[in-house]
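What follows is a short report for a reader who is new to this structure. It begins with the pockets and then turns to the fold as a whole.

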Amino acid sequence: MVDVILLIAIGALSAVMANLGIAVFNDGLRPIVPENLEGRMSRKELGVTAFAMSFGLVIGFGIPISIAGSIILIHSILLGTDIIGLSIARGKFSTMAAGVLGGLYGAGIYYGLQVVVDLFARLPLNFVDGFNLVGEPVVVAFMVFPAIAVALQFSVKKGIVTFLVAALARQLIVFSNEKGLIEIGGSSVTLSPEGIALVVGMVFLMAFAMQEKSDDTSMEQMATLFVDRVNRIKKFAVVLMASGALLAAAANLLIVSGDPITLNLLADGRINEGGIAALAKALGFVPLIASTAIATGVYGPAGFTLVFAVGIFSPNPFIAAAIGAIVILLEVLLLSKLAKFLDRYPGVRASGENIRTAMTRVLEVALLIGGANAANAIVPGFGFFAIAGFYLLNEAGGRPIVRMAVGPVGAIAVGIIGNILALLGIFTPPA
């Protein structure tokens, strides 16, 4: 019951924030919202734009990954509430209506996903177990993205060095765990190999990034130029704190996750690794979210997304909610200071986009491999054929489905096809 209440509250609040132009989750929508707030775009045009930019990601990305991991990817909710909030006109009663619809949508995601999973379990070919293989490669592959980010931003040579050192660190931890070499208080301690590899990679990335210093003050000047927009965000700090509290509490209860990498780690029971991944992802997105917030006066419901890491590492949902609210408040209050820091270290500012690109590429590969493995477990032989064909036809067709979604969506499609074949009597489900 607590789960659905939290999702209703998250859905309602985020829809209201989107409706009032306080915060939207889709980074691409954030620069567009002021066009409507300042009278240069109609509400109808804004709603259509929000639908075009977010609906496909909800259906093709958020929901399939949520089903695969049994934890709700936050994109499934917040991209949907973006559409709801931005499609409804602002006004006393219409804003309340947006909140009600957002709450119903949050409940619908919760119960709807459960209905889908239950439905799958009743089919002649129950492909839920096979579909769970989608996330397996993600759990291991996520440690690669700092090395990819280094290669993209600095050089391939430095990227290779980062990868090799991270890989060596991983194997040393594996060896130490097997031999029980790490002890605290006389008891052997098991460390996460992938978590250590990720930390090593991030240390290399930040070390390279902070070597670049500059006296340029473009970001600081931007914060000054858009001081009214920064003040607008600060004006709604209490509302944003409530959003941060709700999301941190939901993350603590493992109801939602902020990204697919963290989701699959949490679904696998690797809580500490999931927290590290959530923290690394958040740090990578700080420059992007900060710069768009300063320029537009529109924040994100999850802020810099640090609230998800807060939720994972907190001992209970109440403490998570309190810390989540404080973290969002500090983010808002420090926006101008952050602009000065990013001016001072342009390498750190640039690293945000490179981390985002690296994570996207890792996910594209990992989810495609996972989708192929899942599809082949569901319908042996045909699964690999189907995913390969689906991927290449999607590319040839101009990529109507984002690459990250091809594996999960393809695995679902193979499960449906397998059931049709089983009903026709031309396929015997594997024992």
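## Pockets, cavity and overall form

Helix α5, from residue 92 to residue 122, gives the most to the lining of the second largest pocket, with five residues. Helices (H or I, at least four residues) and strands (E, at least two) are DSSP runs, numbered from the N terminus. The model is a predicted one, in which local features need pLDDT of at least 70 and side-chain atom pairs count only at pLDDT 80 or more, while totals for chains, interfaces and linings use all residues. Residues are numbered from 1 along each chain as its sequence is written, and side-chain values use heavy atoms, with hydrogens and water left out.

The lining of the second largest pocket consists of 14 residues, and those that lie nearest its centre are S70, I72, Y110, L113 and Q114. Besides α5, helix α3 also supplies at least two residues of this lining.

In the largest pocket, which has a volume of about 610 Å³, the residues closest to the centre, out of the 29 that line it, are D27, F61, H75, F285 and R356. Two or more residues of this lining come from each of α3 (43-69), α4 (75-87), α15 (271-296), α19 and α21 (403-424), and the largest share, five residues, comes from α19.

A search of the whole structure finds one cavity of 30 Å³ or more, and the residues that line the largest cavity are M143, V144, F163, A166 and A167. These terms rest on a 1 Å grid over the protein atoms alone: a cavity is a set of points where a 1.4 Å probe fits but cannot get out, a pocket is an open set with protein on both sides within 12 Å along at least five of seven lines, and lining residues have an atom within 4 Å of a point. Grid points are joined across faces, edges and corners, and a volume is the space filled by probe spheres set on the points.

The table sets out volume and lining by class, where Ala, Val, Leu, Ile, Met, Phe, Trp, Tyr, Cys and Pro count as nonpolar, Asp, Glu, Lys and Arg as charged, and the others, Gly among them, as polar.

| Space | Volume | Lining residues by class |
|---|---|---|
| Largest pocket | about 610 Å³ | 14 nonpolar, eight polar, seven charged |
| Second largest pocket | about 280 Å³ | 10 nonpolar, three polar, one charged |
| Largest cavity | about 30 Å³ | five nonpolar, no polar, no charged |

Helix α19, which runs over residues 346-378, has 33 residues and reaches 48 Å from its first C-alpha to its last, close to the 48 Å expected at 1.5 Å a residue, the expected span being 1.5 Å times one less than the number of residues. There is nevertheless a kink of about 25 degrees in α19, centred on G352, where the bend at a residue is the angle between axes fitted to the seven residues ending there and the seven starting there.

The protein as a whole has 21 helices and four strands. Its radius of gyration, taken over C-alpha atoms, is 22 Å, close to the 22 Å that the globule rule (2.2 Å times the number of residues to the power 0.38) gives for 431 residues, so the protein is as compact as a globular protein of that length. Buried residues (under 20% relative accessible area, with a 1.4 Å probe and protein chains only) make up 52% of the 431 residues.

Two residues illustrate burial. I88, in the loop between α4 and α5, is buried with a relative accessible area of 19%, and A15, in helix α1 (residues 2-19), is buried with a relative accessible area of 0%.

Definitions and conventions
Buried < 20%, exposed > 50% of the residue type's maximum accessible area, 1.4 Å probe, protein only.
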